[in-house]
Amino acid sequence: MRDLSLFVQQERKATKIFPPAHLVFNAFKLTPFDGIKVVILGQDPYHNDGQAHGLSFSVPQGVPLPPSLKNIFAELESDIPGFTAPVAGDLTAWAKQGVLLLNATLTVRAHQAASHQKRGWETFTDQIIEAISQRCDHVVFILWGSYAQKKSILIDSNRHLVLKSVHPSPLSVYRGFFGCKHFSKANSYLTSVGKAPINWLLG
C-alpha cells in the first residue's frame, strides 16, 4: 500500500488521474462494511473527463451515459417492473442501500484505460472481496465479464450467491447479459435470507 500510494501521488503530479483524490474511496464511504448486501465488481474507473466518481459503472449527474451503463439500464427495464432508464447515470442511491460498487483498480490515467492495473490496487481489492466473503453472510456477488468472474475463487459460494454473465459492453451484451435477470435474482435471494431487497429504481 505504501508503494501504491507513492505511485499514485507521483502520477497525480505528472498527469491527470481519475477519479479525483477525494472520490477514490467513495464506494467505501457510501456503503459501510456491515451493510453490504450486493457487490457489483468492475475493472477500472472510467478514463474520460468527468466520468469517474469512485463507483463502478456509475457516472455523476450531467455526464452522458457510457454504453455499458445504457445496457445495464436496458436489462433493468426488462427485469424490474416499473424501472425506466433514467437520464442520469449516478448509482449513489444503490450504494446507500448496500450495493458495493467496487472496481478492482481504483485509479486510472486520463484517457488511458487499464493504465494503473498491476500496481497494487488488485491486491487491496482482492482482500476486500475475501473479507466480505469470510466475515459477511448472504451477500450477492455480481460478476460481469471474464475479468470479474476470475474473482469467484475469492468467494465462498456456500455462504453467498454468485451471479455471472458476460460484460454489459456493446461487444458482448447480446451473448448473455441481456436476459440474465441478475437484479431480480439478487432481490429474490436477499428476501429468501430475510434481508430487505434493493430498490433498483433511480430518479
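What follows walks through a predicted model, from its sheet and the helices around it to a few single residues.

We can start with the sheet. Four strands make up an open sheet, ordered β3-β2-β5-β6, and the pairing is parallel. The edges belong to β3 and β6 (161-165); each has a single partner strand, so one side of each goes without a neighbour in the sheet. From one strand to the next, the twist averages 20°. Strands of a sheet pair through backbone hydrogen bonds, in either a parallel or an antiparallel sense. Here, β2 (residues 38-42) runs parallel to β3 and is joined to it by five bridges, with I40 taking L101 as its bridge partner in β3. The pairing of β2 with β5 is also in the parallel sense, over four bridges, and L41 has L143 as its bridge partner in β5.

Edge position or not, β3 (residues 99-103) is mostly covered, with five of its five residues buried. In a regular strand, side chains alternate between the two faces of the sheet. In β3 both faces are covered: V99, L101 and N103 are buried on one side, and L100 and L102 are buried on the other. Helix α5 (residues 121-135) lies across β2, β3 and β5, and runs at about 155° to β3.

Now for helix α3 (residues 67-79). Its 13 residues reach 19 Å from the first C-alpha to the last, close to the 18 Å expected at 1.5 Å a residue. An α-helix has 3.6 residues a turn, so residues three or four places apart point the same way. The buried residues of α3 are S68, L69, N71, I72, F73, E75, L76 and D79. What covers these buried residues includes α4 (92-95), β5 (140-144) and α7 (182-192).

The loop between β2 and α3 holds D44, which an unreviewed UniProt entry annotates as "active site". Leaving aside residues up to four places away in sequence, D44 touches N103, T105, A114 and Q117. Of these contacts, N103 belongs to the buried set of β3. A polar atom of the D44 side chain lies 3.3 Å from the backbone nitrogen of A114.

On the far side of the chain order, the loop between β6 and α7 contains S172. S172 has 7% relative accessibility and therefore counts as buried. Its contacts, not counting residues up to four places away in sequence, are V166 and H167.

F28 sits in helix α2 (residues 26-30). With a relative accessible area of 25%, F28 is partly exposed. F28 touches L100, L102, L106, F124 and I128, again not counting residues up to four places away in sequence. Two of these contacts, L100 and L102, are buried on one side of β3. F28 also lies 9.0 Å from G54, C-alpha to C-alpha, with their positions 26 residues apart in sequence.

As for the domain record, UniProt (unreviewed entry) lists residues 29-190 under "domain: Uracil-DNA glycosylase-like". The end C-alpha atoms of that span lie 22 Å apart, and the span is 30% helix and 14% strand.

Conventions. Residues are numbered from 1 along each chain as its sequence is written. This is a predicted model: local features need pLDDT of at least 70, side-chain atom pairs count only at pLDDT 80 or more; totals for chains, interfaces and linings use all residues. Side-chain values use heavy atoms; hydrogens and water are left out. Buried means under 20% relative accessible area, exposed over 50%, partly exposed in between (1.4 Å probe, protein chains only). Helices (H or I, at least four residues) and strands (E, at least two) are DSSP runs, numbered from the N terminus. Two strands pair if DSSP finds at least two bridges between them. The expected span of a helix is 1.5 Å times one less than its number of residues. Contact means heavy atoms within 4.5 Å. UniProt positions are given in the numbering used here, feature names are shortened, and annotations may be inferred rather than shown by experiment. A polar contact is a pair of N or O atoms within 3.5 Å; within protein, one must be able to donate a hydrogen and the other to accept it, and residues adjacent in sequence count only if both atoms are side-chain atoms. Axes are lines fitted to C-alpha atoms, for helices over the stretch in contact, and angles run from 0 to 180 degrees between N-to-C directions.
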